[in-house]
Amino acid sequence: MTIIVPFRTYPYRGTKAVIRTPEGCKIWQAARATSAAPTFFKRIKIGRKQEYIDGGMGCNNPSEVVLDEAKVLFGDRPIGCLVSIGAGQPEVIGIKKPGFFQQFIPTDVINALKDTATDCNTTHQATSGRFANLPNTYFRLNVEQGMQGIKLSEWEKLSIVEAHTAQYLGDRDVGEKLVLLVNSITMARGQLSIEQLSMEESLLLI
């Protein structure tokens with residue numbers, strides 16, 4: 001079972017039962033935990049020797065988690081906009097059949113890595129539905145083509161990533177979206193408070 005652990009630098013005032021930030025956690029430990037992708041870096045033990053791994057294993061698109069946190073901290077404030085930046089379409093995260101060294105990695109971890117991109121898109125669809133009645137409030141930027149064959153470990157191909165990102169940003173439709181996004185940030189006029197947004201979602205689910 002995947003348990004999401006937020007590493008907060010602020011007190012949590014919510015009543016929802018959540019796993020809290022380990023006491024005495026240092027900044028470098030939080031950084032190690034959030035970058036501990038199993039195929040690249042080891043897990044890290046923090047606090048009472050609890051092991052932590054990269055949040056991408058169960059929450060690669062944190063949009064919903066961010067909204068939940070914002071509701072606790074700024075529930076009565078109007079929401080201007082939410083911007084989600086992706087790493088490419090589902091095929092962008094390429095994971096080959098486990099090699100010799102990867103055979104020592106638990107099968108469930110390998111499967112979880114394969115599901116990472118699907119998790120991103122599923123969360124995007126859910127978040128998009130939540131903002132369906134609030135135009136120009138939720139924006140998702142995600143390169144659509146060109147990076148499907150680039151694996152997480154291929155850092156030397158960053159120039160290719162940059163080129164495809166520039167091409168994506170040069171698209172006319174994306175350009176129009178960016179104009180709306182900038183306007184939403186610079187001239188924020190929230191239509192609903194974050195708390196009301198959650199109530200609207202509840203009504204839609206009835």
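These are my notebook entries on a predicted model of one protein chain.

**Entry 1, the whole chain.** I began with the overall layout and found 8 helices and 4 strands in the chain, which follow one another along the sequence in the pattern α-β-β-α-α-β-α-α-β-α-α-α. Of the 206 residues in the chain, 30% are buried. I then looked up the surface, where the chain exposes about 13800 Å², with carbon and sulfur atoms supplying 56% of that area. For contacts between residues at least 6 apart in sequence, I noted that 64% join residues at least 24 apart.

**Entry 2, Ser184.** Next I turned to a single residue, Ser184, which sits in helix α7, a helix covering residues 172-186. Is Ser184 buried or exposed? Its relative accessibility is 10%, and because buried means under 20%, I wrote Ser184 down as buried. I also asked which residues Ser184 is in contact with, once its neighbours within four places in sequence are left aside; the ones I found are Cys81, Asn136 and Phe139. For Asn136 I could add a detail, since the side chain of Ser184 reaches the backbone oxygen of Asn136 at 3.0 Å.

**Entry 3, the cysteines.** Having met Cys81 as a contact of Ser184, I looked up its accessibility, which is 23%, so Cys81 falls between the limits of 20% and 50% and counts as partly exposed. Cys25 also has a relative accessibility of 23% and therefore counts as partly exposed. A disulfide is a covalent bond between the sulfur atoms of two cysteines. How many disulfides are there in this model? With sulfur atoms required to lie within 2.5 Å of each other, the count comes to 0.

Conventions. Residues numbered from 1 in each chain as written. Predicted model: local features only at pLDDT ≥ 70, side-chain atom pairs only at ≥ 80, totals over all residues. Heavy atoms only, no water. Buried < 20%, exposed > 50% of the residue type's maximum accessible area, 1.4 Å probe, protein only. Polar contact = N/O pair within 3.5 Å; in protein donor to acceptor, adjacent residues only side chain to side chain. Contact = heavy atoms within 4.5 Å. Areas by Shrake-Rupley, 256 points an atom, 1.4 Å probe, with all protein chains shown as cover.
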